[in-house]
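Colleague: Could you take me through a single part of this model in detail, and then set that part against the rest of the chain?

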Amino acid sequence: RMESEAQLEELQSQLQSAAIQLSNISQALQEAREQTDPDYEALLEQARQEVARTQPVRRSRSGPPAMFSNPDMTRSLAQAGVVLYSDYLDSLGIGSAARETIEDALINYADSRYQMMGQLLSGELTQEQAAAMFGPDALLSNLSNVLTEEQSSLLDDYDLIVREEALRELYSNSLPNSGGSLSGATQDLVLDVLMDEMFSEANNYGAIVAADGSMTTAVADRRLAFDRARTRLQDDLDGTQLSQYDQFVESQSNGVNVVLDVIPDENGQTSIRNMRVSVDNLPN
């Protein structure tokens, strides 16, 4: 018994020592993170707050948000947003080094896109530059040097789903504002048809610029997509529901939704921050 008690005391002492070591390691890791990038969380929160405050852009008054010209902010948003592609990266079944290479490329592209967003909205980009950075093929083009053909195909499909889900959520929040006649299965049908048309080839797969690199042309293409969706829905909706749909389309016609930040939260839901750009202030 005395021998057992001695062993127990020794084990308790070892456990206490291990707990102290674990605490020291945790503290060291936290300090290392802060030393590596002490302003990361603050910058990210500052960027998100600015996005949340953003109103429809009127270049005659204030111009695009200042965050687009702040490289620390754009980098922070790009780093936070890469988590959206975790499932895609997991599906590739690649090693940690290859995964990190693709993650870095995704972050670099998103960072450049954020920084060039201000130039796009200010009319400083040519239509060729706009199409290259904001067209439907921009992501794959910018990652072509790090992806295989199969990985590119998977990313193309995955990115389309991410963008479609973001727009679907925005529209699902906006539809009820035009009335209460569209709900349940009927609202799901409307959203299904809208997503089908918004991300069709005729609408340049939902890009914020048209095939010619113009935001103005993209608005016109989007209006045609709304019209095509209405034609497809008119036999399934009654007069009141069609009227609500028309009011929704009208409310969407005065601006362009520019999705800036799509970040999954701890519950698996996505937090979307978007900016409304007035159609009266589009650069081209």
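What follows is a close look at one helix, then at what surrounds it in the fold.

Colleague: Which residues of H11 are buried, and which are exposed on the other side?

Modeller: Please keep in mind throughout that this is a predicted model. Helix H11 takes in residues 239–252, which is 14 residues, and from its first C-alpha to its last it reaches 20 Å, close to the 20 Å expected at 1.5 Å a residue. The buried residues of H11 are Gln241, Leu242, Gln244, Tyr245, Phe248, Val249 and Gln252. Viewed down the axis of H11, these buried residues fall within an arc of 160 degrees, so they line one face of the helix. On the other side of H11 the exposed residues are Gly239, Thr240 and Glu250. The N-terminal end of H11 is capped by Asp238, which places a side-chain oxygen 3.2 Å from the backbone nitrogen of Thr240.

Within H11, Gln244 deserves a separate look. Gln244 has a relative accessible area of 2% and is therefore buried, the cut-off being under 20%. A polar atom of the Gln244 side chain lies 2.8 Å from the backbone oxygen of Gly179. When residues up to four places away in sequence are not counted, Gln244 touches Leu175, Pro176, Ser178, Gly179, Gly180, Ser181 and Leu182, so that Gly179 appears both in this list of contacts and as the partner in the polar pair.

Tyr245, another buried residue of H11, leads on to the nonpolar cores. In soluble globular proteins, nonpolar side chains tend to be buried together. The largest nonpolar core here has 42 residues, and those with the most contacts inside it are Met117, Leu120, Phe134, Leu143 and Leu155. Helix H5, residues 96–121, gives the most to this core, with ten residues. A second, separate core has 20 residues, and among them are Tyr171, Leu182, Ala229 and Tyr245. Leu182 in this second core is also one of the residues that Gln244 touches.

Returning to the largest core, Leu120 is in contact with Leu125, Ala130, Phe134, Ile208, Val209, Met215 and Pro283, its neighbours within four places in sequence being left aside. Two of these partners, Ala130 and Phe134, are buried residues of helix H6 (residues 127–134), as is Met133. Seen down the axis of H6, its buried residues fall within an arc of 80 degrees, so they too line one face of their helix. What covers the buried residues of H6 includes H5 and helix H7 (138–142).

Ala229, which the second core includes, points to helix H9 (residues 184–198), the helix that holds Asp196 and also Glu197. Asp196 is partly exposed, with a relative accessible area of 43%, whereas Glu197, at 9% relative accessibility, counts as buried. The side chain of Glu197 makes a polar contact with the side chain of Arg232 at 2.9 Å. Apart from its neighbours within four places in sequence, Glu197 is in contact with Asn203, Ala225, Arg228, Ala229 and Arg232. Asp196, for its part, is ten residues from Gly206 in sequence, and the two lie 9.9 Å apart in space, C-alpha to C-alpha.

The loop between H9 and helix H10 (215–233) contains Asn204, and Tyr205 is found there as well. Most residues other than glycine have a negative phi. Asn204, however, has a positive phi, near 55 degrees, and Tyr205 likewise has a positive phi near 55 degrees. Asn204 counts as buried at 12% relative accessibility, while Tyr205 counts as partly exposed at 33%.

As for the setting of these parts, the protein has eleven helices and two strands, and from the N terminus on its elements run α-α-α-α-α-α-α-α-α-α-α-β-β. Of its 284 residues, 39% are buried. Among contacts with a separation of 6 or more, 66% are between residues 24 or more positions apart. The accessible surface of the protein comes to about 15,700 Å², and 46% of that belongs to carbon and sulfur atoms.

Conventions. Residues are numbered from 1 along each chain as its sequence is written. This is a predicted model: local features need pLDDT of at least 70, side-chain atom pairs count only at pLDDT 80 or more; totals for chains, interfaces and linings use all residues. Side-chain values use heavy atoms; hydrogens and water are left out. Helices (H or I, at least four residues) and strands (E, at least two) are DSSP runs, numbered from the N terminus. The expected span of a helix is 1.5 Å times one less than its number of residues. Buried means under 20% relative accessible area, exposed over 50%, partly exposed in between (1.4 Å probe, protein chains only). The arc is that of the directions from the helix axis to the C-beta atoms. A polar contact is a pair of N or O atoms within 3.5 Å; within protein, one must be able to donate a hydrogen and the other to accept it, and residues adjacent in sequence count only if both atoms are side-chain atoms. A nonpolar core is a set of buried Ala, Val, Leu, Ile, Met, Phe, Trp, Tyr and Cys residues joined through side-chain atoms within 4.5 Å. Contact means heavy atoms within 4.5 Å. Accessible areas come from the Shrake-Rupley method with a 1.4 Å probe; for residues, only the protein chains shown count as cover.
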